[in-house]
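Colleague: I'd like to learn how to read a model like this one, feature by feature. Could you walk me through it?

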Amino acid sequence: MKGCGHTPVLLEETLFFLQASRPGVYVDGTFGLGGHSLEILRRNDSARIIGFDHDEASLQTAAGRLGSFSSRVSLYQADFRQLVEFEGLVPWAEVRGVLFDLGLSSFQLDNPARGFSFNQEGPLDMRMDTRQKITAEKILMTYPEDRLAGIFKEYGELHHAKLLARKIVSLRKLGLIKTTVDLRKVVEETCHWVPQKNRIHPAAKVFQALRIEVNQELTGLGDFLEKLARICFPETRLAVISFHSLEDRLVKRAWQQLAAPLTGQPVVKILTRKPVTPARQEIEANSRSHSAKLRAAERI
Ligand SMILES: C[S@@+](CC[C@H](N)C(=O)[O-])C[C@H]1O[C@@H](n2cnc3c(N)ncnc32)[C@H](O)[C@@H]1O
């Protein structure tokens, strides 16, 4: 479900599709700790990176890892969906590749204070951008029951969505859901969880759903990818790594519409007929890569 901080997912495949040895600018919309970008810089002396991430702590930590590459990197704290609105920030004519490695990094997941992990006790926060007001706690405490159920169903594909929403609404009045572990226990009880090999923990689904809602991860993603492709210059390569089917579907649809529009000329050529997935060795070395899917396209 998650991407990584220090171990970039699908690294070789991503650099291959970006053709990242070409001189020019590469835009990294989800810089994280810079795993993919640092590798581009290491292998390509003529590359520059413009990086975005809306997580301040990630950017600060990443900035400390740049070392001698810092003169070739510009970092901005922003939501990448604003990228197409920043006039003059990105020299699009020089951009050779744009990368989005969606979701969460290990750096975020492994910090209990951020509230992303159901295995570690922490506040129900889950904000990637801590400047924003809405947290997982606020959602759990204030959303009406049917809206909660809708989120669990749609973003988490949880079977017991309605039951869980009802349970949460009855417990929240008593102040019984304060931390990540409180929520996990409610989920386990409501979903009658019995650990079994190859079964996804229902709390993983619930936490995914809440995280998507807190950060509005899917909102406008398709439209953004369409606008971005139109702004890019010919031969710019676009690569997106996603970690769940909802995201992957949006990427696939956006590019399909651009590759075979009902009217007008195609805007992109799709380079990955099927998404590229990690090899067994990568999954063994980094289990968090198991759900990664890479899609790539080229601006025509
Ligand atoms: C999977 S990590 C990226 C890891 C990075 N490729 C690396 O190798 O270090 C995803 C990063 O994207 C950021 N992110 C997710 N959605 C974002 C958005 N809409 N705008 C900006 N950053 C976003 C997260 O804060 C996180 O740091």
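Colleague: Let's begin with the sheet: how many strands form it, and in what order?

Modeller: Happy to. Keep in mind that this is a predicted model. For a sheet, go from one edge to the other and note which strands are neighbours. Here 7 strands make an open sheet, ordered β3-β2-β1-β4-β5-β7-β6, with mixed pairing. The edges are held by β3 (73–77) and β6 (268–270); each has a single partner strand, so one side of each lacks a neighbour in the sheet. On average, neighbouring strands are turned by 20 degrees against each other, ignoring direction.

Colleague: Which way do β5 and β7 run relative to each other, parallel or antiparallel?

Modeller: They run antiparallel, and 6 bridges join β5 (residues 237–242) to β7 (residues 293–299). To find the register, pick one bridge: A239 has A296 as its bridge partner in β7.

Colleague: And which strands do helices α1 and α11 lie across?

Modeller: Look at which strands a helix touches, then at its angle. Helix α1 (residues 11–18) lies across β1 (24–28), β4 (95–101), β5 and β7, and runs at about 155 degrees to β5. Helix α11 (residues 245–259) lies across β5, β6 and β7, at about 20 degrees to β7.

Colleague: What should I look for inside: how many cavities of 30 Å³ or more does a search find?

Modeller: For a cavity, take the volume, then the lining. The search of the whole structure finds 1 cavity of that size, and the largest cavity holds about 400 Å³ of space. It is lined by 31 residues, of which T30, D53, D101, L102 and G103 are the closest to its centre. Sorted by class, the lining of the largest cavity has 10 nonpolar, 14 polar and 7 charged residues.

Colleague: Now single residues. Is L225 buried or exposed?

Modeller: Compare the relative accessibility with the cut-off: buried means under 20%. L225 has 3%, so it counts as buried. Its place is in helix α10 (residues 221–231). Leaving aside residues up to four places away in sequence, L225 touches F100, V240, V251, A254, W255 and L258.

Colleague: Where does H244 lie, and what does it touch?

Modeller: H244 sits in the loop between β5 and α11. Its relative accessible area is 10%, so H244 is buried too. Beyond residues up to four places away in sequence, H244 touches Q208, R211, I212 and L218.

Colleague: Which residues of helix α8 are buried?

Modeller: For a helix, list the buried positions and then ask what covers them. In α8 (residues 180–190), the buried residues are T180, V181, L183, R184, V186, V187 and T190. Their cover includes α5 (136–142), α7 (161–172) and α9 (202–215). After α8 comes H192, with a positive phi near 50 degrees.

Colleague: On that theme, where are Q19 and E157 found?

Modeller: Check the sign of phi, the residue type and the setting together. Q19 has a positive phi near 50 degrees, although it is not glycine, and Q19 is in the loop between α1 and β1. With 33% relative accessibility, Q19 counts as partly exposed. E157, also not a glycine, has a positive phi of about 50 degrees and lies in the loop between α6 (145–156) and α7. E157 is partly exposed as well, with a relative accessible area of 44%.

Terms used:
Residues are numbered from 1 along each chain as its sequence is written. This is a predicted model: local features need pLDDT of at least 70, side-chain atom pairs count only at pLDDT 80 or more; totals for chains, interfaces and linings use all residues. Side-chain values use heavy atoms; hydrogens and water are left out. Two strands pair if DSSP finds at least two bridges between them. Helices (H or I, at least four residues) and strands (E, at least two) are DSSP runs, numbered from the N terminus. Axes are lines fitted to C-alpha atoms, for helices over the stretch in contact, and angles run from 0 to 180 degrees between N-to-C directions. Contact means heavy atoms within 4.5 Å. On a 1 Å grid over the protein atoms alone, a cavity is a set of points where a 1.4 Å probe fits but cannot get out, and a pocket is an open set with protein on both sides within 12 Å along at least five of seven lines; lining residues have an atom within 4 Å of a point. Grid points are joined across faces, edges and corners, and a volume is the space filled by probe spheres set on the points. Ala, Val, Leu, Ile, Met, Phe, Trp, Tyr, Cys and Pro count as nonpolar, Asp, Glu, Lys and Arg as charged, and the others, Gly among them, as polar. Buried means under 20% relative accessible area, exposed over 50%, partly exposed in between (1.4 Å probe, protein chains only).
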